[in-house]
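User: Please take one part of this model and look at it closely. Then follow its connections outward, in words that a first-year student can use.

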Amino acid sequence: MTAPAGPMSPEHLAERLRDGDMRSLARALTWVERRGNGFETLLGVLLPHAGRAQLVGISGPPGAGKSTLIGRLVEQYGAVQPVAVLSVDPTSVVSGGALLGDRIRMTDVSLADNVFVRSVATRGTAGGLSLACWDLALVLDAAGYDPILIETVGAGQGETEVRYLADTTVQVEAPGLGDHVQALKAGMLEVSDIVVVNKADRPDSAQTAARIRQTLALGMETGLAPHAFHGQANDTERGWVQPILLTDALAGTGIDELQDRIAEHRDWLCASGVRGDAERRRAARLLNLLVDQGWQARRRAMLEAAGWEDAVEAVAVREREPHAAARRLLQRVFGD
Amino acid sequence: MSGSTPFRILVAKLGLDGHDRGAKVIARGLRDRGFEVIYTGIRQTPAMVARAALQEDVDLLAISILSGAHNTLVPRVINLLREQGQADVPVLLGGIIPEADRPAMRAAGVAEIFGPGTTIGETADWILAALGCDE
């Protein structure tokens with residue numbers, strides 16, 4: 001493996017990473033994540049080569065065993081096809097730094113030449129995913145990795161962003177993390193395609209799986225979930241019923257079945273026509289995120305001009321009611 | 001930290017060495033100074049460390065080793081970095097490195113060696129200077 005020296009054109013870098021050069025791929029990922037000069041050109045060059053990979057989101061509370069499970073999946077996929085992992089950990093809101101530790105469970109498997117593992121910090125993005133993940137997944141996709149496993153930050157209730165990016169979402173739960181009311185709350189459980197109860201060696205795992213099964217069945221009775229996006233026919237009506245699997249990632253049990261279900265979900269997406277809808281939903285979400293980001297950068301200046309500081313002061317000393325203060329700011333910004 | 005994108009640092013435990021308190025303290029301390037720190041975990045081979053440095057495209061590699069195997073293992077890591085086109089990634093060494101071994105480590109390409117007693121602040125300042133951000 002020879003190394004590229006110095007700066008490279010987007011075209012050259014794209015060619016090299018598509019030829020399987022890991023150094024070029026790693027550099028492209030950094031370039032795109034940092035949004036360095038010309039990154040849009042690079043993404044544009046790669047775009048026609050992307051769109052083949054199955055993006056698999058893996059979510060779950062901290063400690064459920066996501067990284068270990070992914071390590072197992074990578075081991076199995078890697079034996080027959082190129083597989084990549086994007087592993088997201090949180091950025092400290094205090095220092096801006098991050099400790100990315102998911103790789104610990106994957107250093108063995110990452111030695112294979114068709115395995116690529118990359119750690120990503122959220123860098124201020126909410127929802128359990130870095131905004132950069134969208135672009136990073138495109139680069140890995142164009143490089144020929146399939147599937148691409150996306151591990152969200154330890155999450156479960158608010159961090160549902162990955163369902164927009166991923167084709168298939170897997171929610172990893174573990175026994176002993178809460179009472180039956182936890183399973184009734186809103187969260188990833190109701191929008192995931194596959195549910196895994198990991199740590200199946202523990203005696204209470206069957207009970208956890210039973211509770212989840214009951215919760216999801218309740219959703220069917222009320223006509224809502226499983227996996228219904230607002231205002232759309234839910235996936236159950238179109239023929240996908242969330243499987244609930246038991247795995248023991250440490251021992252490697254249940255991984256074959258999880259792999260089978262992930263493949264079945266991909267087949268179903270294509271056969272049912274859901275994939276087309278999902279692509280449009282994904283495009284709308286990404287555009288929305290990017291426009292929002294640009295909008296947020298500009299709105300600060302607009303709000304300053306509309307009397308932001310005075311409004312904050314007035315609300316802080318309880319002189320003005322917050323809703324009215326917000327409405328007045330908006331009226332000044334939009335001139336209505 | 002200057003600029004809006006944090007530097008990426010790989011903190012690696014090399015060889016048959018389970019003593020990772022120091023590596024964890026450094027990893028956490030550098031995180032608190034605004035770095036993105038990727039931690040490999042213990043008992044890593046030179047190939048694993050080099051592969052992680054490659055895929056993560058790190059700006060700097062910090063190796064912690066207390067087992068005494070540095071003379072054998074560290075040059076292997078540095079050779080792999082060179083082979084994979086990462087000769088420009090500075091390599092820091094921490095842990096127990098006897099004074100007598102230090103010239104050889106530097107000759108092999110180690111940029112700096114930090115032993116017991118070094119503060120996180122000193123380490124972070126050195127890293128920022130090495131990466132060209134010393135104001």
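Analyst: A residue is called buried if 20 or more other C-beta atoms lie within 10 Å of its own, exposed if 12 or fewer, and partly exposed in between, with the C-beta atoms placed from the backbone. Helices (H or I, at least four residues) and strands (E, at least two) are DSSP runs, numbered from the N terminus. The model is predicted: local features need pLDDT of at least 70 and side-chain atom pairs count only at pLDDT 80 or more, while totals for chains, interfaces and linings use all residues. Residues are numbered from 1 along each chain as its sequence is written, and chains are lettered from A and ligands numbered from 1 in the order in which they are written.

The part chosen here is strand S6 of chain A, residues 168–173. Because 6 of the 6 residues of S6(A) are buried, the strand is largely enclosed by the rest of the structure. In a regular strand the side chains alternate between the two faces of the sheet. In S6(A), A:Thr168, A:Val170 and A:Val172 point one way. A:Thr169, A:Gln171 and A:Glu173 point the other way, and the residues of both sets are buried.

Next come the strands beside it. Two strands pair if DSSP finds at least two bridges between them. S6(A) pairs with strand S1 of chain A (residues 55–59) in the parallel sense, over 4 bridges. S6(A) also pairs with strand S7 of chain A (residues 194–197), again parallel and over 4 bridges. A:Val170 takes part in both pairings: A:Val170 is the bridge partner of A:Ile58, and A:Val170 stands opposite A:Ile194 in S7(A).

A:Ile58 is worth following, and its place is in strand S1 of chain A. A:Ile58 counts as buried because 27 C-beta neighbours lie inside 10 Å. Two residues are in contact if their C-beta atoms, placed from the backbone, lie within 7 Å. Leaving aside neighbours within four places in sequence, A:Ile58 is in contact with A:Val170 and A:Val172, and its other contacts include A:Lys66, A:Ile70 and A:Ile150. By comparison, A:Val74 is 16 residues from A:Ile58 along the chain, and their C-alpha atoms are separated by 13 Å.

A:Ile150 leads on to a wider group. Its contacts, with neighbours within four places in sequence left out, include A:Ile58, A:Leu55, A:Val56, A:Leu86, A:Cys133 and A:Ala137. A nonpolar core is a set of buried Ala, Val, Leu, Ile, Met, Phe, Trp, Tyr and Cys residues joined through C-beta atoms within 7 Å. The largest such core has 114 residues, and A:Ile148, A:Ile150, B:Val37 and B:Ile63 touch the most other members. Helix H5 of chain A (residues 132–142) gives the most to this core, with 8 residues. After H5(A) comes the loop that leads to strand S5 (148–151), and A:Pro147 lies in that loop. The peptide bond from A:Asp146 to A:Pro147 is cis, with omega near 5°.

On the other side of the strand pairings, the loop between S7 and helix H8 (205–221) of chain A holds A:Lys199. A:Lys199 is buried, with 24 other C-beta atoms within 10 Å. Its phi is near 60°, a positive value in a residue other than glycine.

Chain A as a whole gives the setting. Chain A has 12 helices and 8 strands, and buried residues make up 43% of its 336 residues. Among contacts in chain A between residues at least 6 apart in sequence, 71% join residues at least 24 apart.

Pairing between strands also crosses from one chain to the other. Strand S3 of chain A (residues 98–100) and S2(B) run parallel and are joined by 3 bridges. In S2(B), the bridge partner of A:Leu100 is B:Ile38. A:Gly101 is found in the loop between S3 and strand S4 (115–121) of chain A, and A:Gly101 touches A:Asp89 and B:Tyr39, not counting residues up to four places away in sequence. A:Gly101 is partly exposed, with 19 other C-beta atoms within 10 Å. The contact between the chains takes 28 residues from chain B and 28 residues from chain A. H2(B) gives the most to the side of chain B that touches chain A, with 7 residues.

Last, the confidence: the predictor gives the complex an ipTM of 0.91 and a pTM of 0.89.
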